[in-house]
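Reader: Could you take me through one part of this model in detail, namely the sheet and what surrounds it, including where the two chains come together? I would like a connected account rather than a list.

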Amino acid sequence: MKCPRCVQQIHRAAESCPHCGFTLADADFAFGAEEVRLRRLTDAAGLIRRGDRARVEAALAKFSRSFPQLFFAVYTGSLGEVANIRQFGFWLLNRGAFEDVPVEIPNEAGILLTIDPESKAATITFGYLLDPYLDQADTFLSLSRAHAHWLEGKYADGIVRLVDHLAGVLKKRSRQARRDPERFEKKHQPAASKRDLIKKIRSGHQTSNSRPSKSQEVAR
Amino acid sequence: MKLPLLLLAVFTGSLLAEEMPLPRWLDGEREQAIKDGWIAGDQILNHGLAADPELEMSLLDSLKPVDVAPPTPEDLAESDAPLDPVPNEFLDAYFENRPTQFLIDPQGLLNADESASQLGFLKYHAGDSAIDLFVYVFGKIQEIPSEVRSEEFVERLFSTGRPAAVVFYYLGDPQRSEMALSPELSGKIALPEQRRAMESSVLKTMAKDDPAAQLKAFTMQMSIRLYWMERTLEGNFTPATPAVAEVSPVPEKPVSARVVLEENVVKFLKDWGPVAGCVLFVAIGVLVLAIHWRRRAQFVFADLDAEPRLGASHAAGVGAVISFASANLPPARQRDQMPDYLRRA
């Protein structure tokens, strides 16, 4: 896990970034704290041609059929010079209200692709449900599949390739999780806090103290 | 009980047969018998032949050769009758190409039953022997055109393919038949042996009156003689192609590997096409079902409770950032790992 602002590693239950103190409130301050209504495919930047739009929507629908728990959303828009795409993606998946996504699928099960044509950057953000199953390397490989298409301005082609690739990764992870669920459960367990650690050590000492040692037994 | 007595009788009988002398006339017995007028076994033992001159003469007459009637003028005319050449319209059918059947009778000199019977036997022979037997049937008073020489003809048409014996058979006049062997055999089988085979086969026809039966006897004997020829050559040659019931026509041009491959493919498809088609159909069906199943398959993830981070209620999984500003740099070099505050600075 990395902080959207300082890109430093953070532990799983961090209420704020231990390095830079970043929280969602900071993002709210930059982008607004209100809920944002948008659709699964929101092409605010107008990157996708009308003819290609159906293909992209079909790819998103296919993804939803394969993963009934999840949804994939795409947002394109110019963020301006001061905005950071990583923070924006993080903020949008938390504040977005996707109108064409069934209500029983929360944003925790969402994957958001954000494309900024002005800064020519793209990022992927995903909800808590996928925390154990996806990591940065997976998202980078998926983005790499689209890279060549986006360089040529073929945004729709890039998005379709990216969605297909990420679906392949998730299918693989789903099979792995079915075969070896513990592997992903361990990955997901929150790191022990310092307080828990001290408590554990003390309880451990108490246990060992409460049990009479061999020398004590001999003395008796 | 009877067996020992029987054996004893046989044994004593054999001893008596060996030791008993032949009966002889005692003194005066023969004269007494002549006086009585009858001698037992005299005719059989020929003792009294000289005494009966009439009987002697009749016996001598019976031993004289029978006078055979001299040939009539009609017979002589028939034997010297000029032969008719084979009609021109049949020449191509006889001599143009290597035959596809073992019995070549384009004139239809044999009826359908005879032809089928003969052809069946020749096919059987071909299946059983390494040397095929081709029989060209001509009419009794027909002759082959002078320009067709059997040796040259056989060399032209039978130099490739399985070894073959070719017989020009004149229906009703088997003595005029000719035989030639394909080049592969002619150098290995001596001419006297070939001649003996012909003579022996012609001799077999003498016992038959019907021309078709004669031909049958001829081919059967020739088949036997070919078998013995094959036995003598055993180990000296191997047939060019395996025995087949039906002779395939020999192409005039050398067969290319592609043509052979095509023929093999066609043969394979003919033999195994339906089975292969069914297997292929089932395999494609299974494949389509598997693809369909995989496409329709749904994947689920266990919903593991995650503690919120950074005050975010839904998501804090921040993935990679990639830039697509430069076409000259690979994606890995355009991965954005830069902290936000450095960018702002």
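Author: In this predicted model, strand β3 (residues 71-76) of chain A runs parallel to strand β5 (residues 110-116) of chain A, and 6 bridges join the two. Within that pairing, A73(A) has L112(A) of β5(A) as its bridge partner. Helix α5 (residues 155-179) of chain A packs on the sheet, where α5(A) touches β3, β5 and β6 of chain A, and the direction of the helix makes about 150 degrees with that of β5(A).

The sheet to which these strands belong is an open one of 5 strands with mixed pairing, and its order, β2(A)-β3(A)-β5(A)-β6(A)-β7(B), takes in a strand of chain B. At the edges stand β2 (41-43) of chain A and β7 of chain B; each has a single partner strand, so one side of each is left without a neighbour in the sheet. On average, and with direction ignored, neighbouring strands of this sheet are turned by 10 degrees against each other. As general background, the strands of a sheet pair through backbone hydrogen bonds, in either a parallel or an antiparallel sense.

A helix of chain A also reaches the strand that chain B contributes: α4 (residues 136-151) of chain A lies across β5 and β6 (121-126) of chain A together with β7 of chain B, and α4(A) runs at about 30 degrees to β7(B).

This leads to the interface as a whole, in which 46 residues of chain B are in contact with 68 residues of chain A. The two chains bury about 5100 Å² between them, with 58% of this on carbon and sulfur atoms. On the side of chain B, the residues that lose the most area to chain A are F301(B), L310(B) and F324(B), which together make up 20% of what that side buries.

As for polar features, the count between chain B and chain A is 25 residue pairs in polar contact, and 1 salt bridge is found across the interface. A salt bridge joins the side chains of D131(A) and R309(B), with an N to O distance of 2.7 Å. The elements giving two or more residues to the side of chain B that touches chain A are α11 (257-296), β7 (317-323) and α12 (340-344) of chain B. Of what touches chain A on that side, β7(B) gives the most, with 7 residues.

Over all chains, a search of the whole structure finds 19 salt bridges. One is formed by the side chains of E99(A) and R39(A), at 3.9 Å from N to O. This pair links distant parts of the chain, 60 residues apart, since E99(A) is in the loop between β4 (96-98) and β5 of chain A, while R39(A) is in the loop between β1 (36-38) and β2 of chain A.

Chain B has an open sheet of 4 strands as well, in the order β2-β3-β5-β6 and with mixed pairing. Its edges are formed by β2 (103-104) and β6 (178-181) of chain B, each with a single partner strand, so one side of each is left without a neighbour in the sheet. Strand β5 (residues 164-170) of chain B pairs with β6(B) in the antiparallel sense over 4 bridges, and L181(B) in β6(B) is the bridge partner of A165(B). Helix α5 (residues 88-95) of chain B lies across β2, β3 (132-138) and β5 of chain B, and α5(B) runs at about 175 degrees to β3(B).

Conventions. Residues numbered from 1 in each chain as written. Chains lettered and ligands numbered in written order. Predicted model: local features only at pLDDT ≥ 70, side-chain atom pairs only at ≥ 80, totals over all residues. Heavy atoms only, no water. Pairing = 2+ DSSP bridges. Contact = heavy atoms within 4.5 Å. Axes fitted to C-alpha atoms, helices over the stretch in contact; angles between N-to-C directions. Buried area = accessible area lost by both parts, 1.4 Å probe. Salt bridge = Lys/Arg side-chain N within 4 Å of Asp/Glu carboxyl O. Polar contact = N/O pair within 3.5 Å; in protein donor to acceptor, adjacent residues only side chain to side chain.
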